Amino acid sequence: MSEVNQLTPYQMLGGDAVLKQLVDRFYQIMDQDPKAAEVRAMHPEDLTVSAEKLYMFLSGWMGGPDLYIEKYGHPMLRARHMPFPIDSQGRDQWMYCMLTAMNEVPMEDALRLQLEQAFFRTADFMRNQDA
Ligand code: HEM
């Protein structure tokens, strides 16, 4: 295995500062882009706490410090999304915000593909409506 493969996605992305920047952009896009209107409407008016939670969750999810678990315990992500009716449109709007934010962050192609696939699998898993 080459040295670079031993790095976590968190390290390959650029660590804490880059992850924070990615999450901030993600929510900025959700807040401003009409293409994400339905998913935006499910969120609280003030996105500060949402952004902090997603940043803390993704830190551990990408192999960095388990910030979310340390503060809130097991994420139980699917259960926490149950109060919101999430269909394929919601999933695709969430993905649109994430892919657009990711496009602004320089990273290796292999990491980009890995993250895109992992985000899609997770976002699809949050779906709790048939459509
Ligand atoms: C890779 C996919 C996703 C990840 C990693 C993710 C992650 C998270 C996290 C960590 C939280 C905070 C949970 C808490 O402690 O309260 C959250 C909340 C939330 N998510 Fe997701 N989510 C994903 C997909 C989605 C999708 C597809 C939707 C809707 C279409 C969605 C809508 C929401 C909403 C409305 C909240 C509540 C926000 C708040 O109370 O501040 N999420 N998500």
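Helices, such as those labelled α here, are DSSP runs of H or I with at least four residues, numbered from the N terminus. The model shown in these views is predicted.

**View 1. The largest pocket holds about 750 Å³ of space.** Its lining counts 26 residues. Closest to the centre are Tyr-27, His-43, Leu-77, His-81 and Trp-94. Five helices each give two or more residues to this lining: α3 (37-42), α4 (48-61), α6 (77-81), α7 (88-103) and α8 (109-125). Helix α4 gives the most, with seven residues. Sorted by class, the lining has 18 nonpolar residues, five polar ones and three charged ones.

**View 2. The ligand takes up the space of the largest pocket.** Around the ligand stand 21 residues. Ser-50, Lys-53, Tyr-68, His-81 and Trp-94 come nearest to the ligand. Two of these names, His-81 and Trp-94, also appear among the residues closest to the centre of the pocket.

**View 3. Helices α3, α4, α6, α7 and α8 each supply at least two residues of the shell around the ligand.** Which of them gives the most to this shell? It is α4, with four residues. Helix α4 also gives the most to the lining of the pocket, where its share is seven residues. What classes make up the shell? There are 13 nonpolar, five polar and three charged residues.

**View 4. Ser-50 and Tyr-68 each place a polar side-chain atom by an oxygen atom of the ligand.** For Ser-50, the distance to the oxygen is 2.5 Å. For Tyr-68, the distance to an oxygen of the ligand is 2.4 Å. Both pairs count as polar contacts because such a contact is a pair of N or O atoms within 3.5 Å. Ser-50 and Tyr-68 are both among the residues that come nearest to the ligand.

**View 5. His-81 meets the iron atom of the ligand.** Which atom of the protein is the donor to the iron? It is NE2 of His-81, 2.0 Å away, and the protein offers this single donor. His-81 belongs to helix α6. A polar side-chain atom of His-81 also lies 2.8 Å from a nitrogen atom of the ligand. His-81 is one of the residues closest to the centre of the largest pocket, and its helix, α6, gives two or more residues to the lining.

Methods. Residues numbered from 1 in each chain as written. Predicted model: local features only at pLDDT ≥ 70, side-chain atom pairs only at ≥ 80, totals over all residues. Heavy atoms only, no water. 1 Å grid on protein atoms, 1.4 Å probe; cavity = no way out; pocket = protein on both sides within 12 Å on 5 of 7 lines; lining within 4 Å. Points joined across faces, edges and corners; volume = space filled by probe spheres on them. Nonpolar A, V, L, I, M, F, W, Y, C, P; charged D, E, K, R; others polar. Near = heavy atom within 4 Å. Polar contact = N/O pair within 3.5 Å; in protein donor to acceptor, adjacent residues only side chain to side chain. Sits in = over half its atoms within 2 Å of the grid points. Donors = N, O, S within 2.8 Å, 3.2 Å for Na, K, Ca; no water.
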